[in-house]
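Got the model open in your viewer? Follow along, selecting one spot at a time, and let's see what turns up.

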Amino acid sequence: MRINRLALATLLLYVGASSAADSYDNSQSYQTGDRVIYQGKLYQAQWWAGPNQAPDEDVQNSWDSPWVLVEEESSQVSPPSQEYQSYIEGQYYIGGDIVSNDGQLYQCKEGATEGWCSGGAVAYEPGKGSHWQQAWVEVVVESEPEYTRDFVIEPSHDSYVYNRYGYRDNNYNDANVAPVVGNRHALVQFELDTSLAADSIESVHLMLFFSMNNSNSKVYIHQTSSDWDEATVTWNTRPEPGEQINIEIAPDGYKYIDVTEYIQSSIKQGSSSFYLRGENSRWESILVNNDNRKPKLIFRTKLDEEPEQPAIWQDYVNGNTSGNEYQLYDWSNAGYKGGLALSESPQLEFHVADFGALPNDGQDDTDAINAAIKAAGEAGGGIVRFDKGQYDININEQDEFKLINVAYSNVFLKGADSELSTVLKQWKPIKQDSSLHRYVRTPHTINFGLGTEAPLGNILITEAADALTQILTLKSLKPSFGDLLSEGDPIEVVMYSNGTSDLTNSLIAPRTTTSKAYDPYILRTRVKRIIDEQHIEIANPLSAPLDLKFTPRVLNSPRLTQNVGVEDIKIITASNESYCHHCGELGYGWGGIAMYNVMDGYIRNVHIDNAVQDITIISSSNVSAFDVVMTDDKSNGGDGYVPGGHSGIGFIDSDFNLVKNVKVHVPKTHLIQYNGVSIGNVVTEVENLAATRGTVDHHGLGFGHRNLIENSFNLQGDNAGSGGQFNVFWNVQTEMFSGGLNFFKMNHDRMPKSIFVGLRSPLLPKQLATVDSHFSDNQNEWYYLEVMNSSELMIPSVYEAQSELNYVRGVRN
């Protein structure tokens, strides 16, 4: 074990104690043992303390003040080499001594109070005396971290044997299935790593896929000798079944049998074999030559030291970009203002009540809320404040655009409190205006932006550039160069297809197409630094190479609404329509929050109920959405009502946005959806708690690439749509079919060159996740797989790790 007195020990002691302590009040008196917080520190009264006897009095000795500091300094205790002696009353102790008392360790404080450690037990017995904290501090005992490694092995031999006249000498090594009926028995053998110690094996499960005609069939699984070869074994030469391991009574599907003890006992022999037999004459079998469903042994072993970090992460840290096209993108500047903390909101407040919007009055509040927003916008920005209660949106009209629209920069909508006591209820569906809402079936209840303006400035890029670089060479426009671009300006880096499919094919290889969907390619970023009249540094790396044959340019983009947000609000729709995917527009008139043409926006602490599209980010960049809950209250619907929605989080032609800490309780056809050219978006800490698996898909009209989905639960790749290259799935738990089938089913080419690191089943080590039938590390022209089906991933969030690394290096914006 490790023992640290630690800042952590101090923090735990301080936080736990301070949760029951009030701030010091100089008008009050305090009794012995009372605790107070004063100037950020925790103090305890040694005896009665009168008014104006503040804990911070400058005293020479601890007995000169009624107060003693409880918060401890953060020095450390060395790991012990032996057990510590029990506390003995009256024994002489000095500062730094460690004793044990009732199973807890304590260290004597150094300094003026150390003599109290030897004082009477009534006052100073560690953990029990009335004033023990004056003399002692608790020592936190930390266990050494336990590391495990998960891996999977496939059979080295498999066959079956047939007990029938004329067939007992036949070999059936080439069969795709191994029958386990009454007169057909299956054999499976695995080669084992003899360097593994038996006590390092934590668990082993035998995975079998049964195909059975009789759901009540019994299959007996036995240990057996490995003295047989798949190419020659017959009924007459088969090994005899040994000790019975398990009896499986089950219908079709995967079964996971605990064989830990058997493998531990046979590991030094270098192999282990299993003998399977059935009791019925009906046909039952296991699949043995199907790539995904063949038998497997799933190991979990103990490690003596921390496992290595993924190779692809080590390459990123070391700047190793040679020799491998699979490289991590830099996502550290995703989100509001490049991922920085939310800035202080404007001091001006505009209360919606002052404009006629009153909660719980049954009147349509849309116009009044928009009037408050307009006033804030025309004043240069401000907070639009709501009270507790329900505000009604679009209660009377369906044909008009009765929605909340924030078309101004520096405007923030804020509810009454973090408990979400402010509710906005949309009463009628809002019809779509296709001229404004490309790809989106409806405007939402709250909309930021909505306006568009043509970009200004058109500067030709004169030198090709590799992907992942940030320096662009431009045609000099001196002296007007400075008039077109300034540091911090939002810009678009653009390439045009020039009437061919070459641009598209360069961004979806090894797929090919005749489509010109990538027209144009757009990277939305900002100017980080103007180097000279021909060179600029952009805030985010290029997601693809710049090829001069595609006429790359930089466009200045003044069209954006900037620095806006919404927080502490619950949105409810009154929809009683069952959602139906691809059933005309049935159920599509209900939306949550949309950001159109926004740079630097945020959505925080929001609950969206009964929406078809919850959060949609369109032609925007650097938007953060975090602490979001999505539900569907069935109480609005009648008999036969089907809850659900089209999309939970939608990115449409949007780049470098950050979605974090989202809990989804309602089925979504496309939980995470990319449309158009969406690049560099980060989705992290998504918990899909709905009964169905949340799909991740690309709807085409441009191929999103270099997006990151990480540290999330119950997700699945979809067959539909087409994505671009180098999308990354990091530390994703995917609860698939009964046995953890393909993340991408069969169509892995829908997102070519995807990178999977730490993809696994939540039931590991009893269940596997796979990509294109691969369950372990692999790399080819279509995808990169590392740390598959393993618990050893040491970096749960690559976004957080990159942010910390780049902050230390001083390269984060």
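Start by selecting D627, which is partly exposed at a relative accessible area of 32%; here buried means under 20% relative accessible area, exposed over 50%, and partly exposed in between (1.4 Å probe, protein chains only). This residue sits in strand β37 (residues 621-631), where strands (E, at least two residues) and helices (H or I, at least four) are DSSP runs numbered from the N terminus. Check the backbone of D627: phi is positive, about 60°, although the residue is not a glycine.

Before moving on, a word on the ground rules. This is a predicted model, so local features need pLDDT of at least 70 and side-chain atom pairs count only at pLDDT 80 or more, while totals for chains, interfaces and linings use all residues. Residues are numbered from 1 along each chain as its sequence is written, and side-chain values use heavy atoms, with hydrogens and water left out.

Next, R706. Its phi is near 55°, again a positive value in a residue other than glycine. R706 belongs to the loop between β42 (694-698) and β43 (708-713). Is R706 buried or exposed? R706 is buried, with a relative accessible area of 5%.

While you're looking at loops, jump to M751, between β45 (728-733) and β46 (754-757). M751 is buried too, at a relative accessible area of 3%. Put a distance label from its C-alpha to that of F726: they are 25 residues apart along the chain, yet the separation is 7.9 Å.

One more backbone stop: select A509 and P510. The peptide bond joining them is cis, with omega about 10°. P510 is in the loop between α7 (502-508) and β30 (521-532).

**Into the core**

Now select L413 and F448. In the largest nonpolar core, which has 61 residues, these two touch the most other members. (A nonpolar core is a set of buried Ala, Val, Leu, Ile, Met, Phe, Trp, Tyr and Cys residues joined through side-chain atoms within 4.5 Å.) Helix α5 (residues 366-378) contributes the most to this core, with five residues.

Which residues are in contact with F448, leaving aside neighbours within four places in sequence? Contact means heavy atoms within 4.5 Å, and the partners of F448 include V406, V411, L413, V564, V566, I593, M595, Y596 and V598. Apart from that core lies another, of 48 residues, with I312, I461, V527 and V677 among them.

I312 makes a handy bridge to helix α4 (residues 311-318), where I312, W313, D315 and Y316 are buried. Look down the axis: these residues cover an arc of only 155°, so they lie on the same side of α4; the arc is that of the directions from the helix axis to the C-beta atoms. Just past α4 comes G319, with a positive phi near 70°.

**A sheet**

Select β2 through β5. These four strands form an open sheet in the order β2-β3-β4-β5, with mixed pairing; two strands pair if DSSP finds at least two bridges between them. At the edges are β2 (22-23) and β5 (67-69), each pairing on one side only. Strand β4 (residues 41-45) runs antiparallel to β5, joined by three bridges. Zoom in on Q44 to find its bridge partner in β5, V68.

**Charged pairs**

How many salt bridges are there? The count comes to 16, taking a salt bridge as a side-chain nitrogen of Lys or Arg within 4 Å of a carboxyl oxygen of Asp or Glu.

Select D102 and K128 first: the closest N and O atoms are 2.6 Å apart. The pair links distant parts of the chain, 26 residues apart, with D102 in the loop between β6 (98-101) and β7 (104-108) and K128 in the loop between α2 (121-124) and β8 (136-142). D102 is exposed, at 61% relative accessibility.

Then take K294 and E154, a salt bridge at 3.8 Å, N to O. These partners are 140 residues apart. K294 is buried at 16%, whereas E154 is partly exposed at 32%.

Now E240 and R238, with closest N and O atoms 3.5 Å apart. E240 counts as exposed at 52%, while R238 counts as buried at 19%.

For the last stop, select K414, E567 and R604, which salt bridges with shared partners join into one network.
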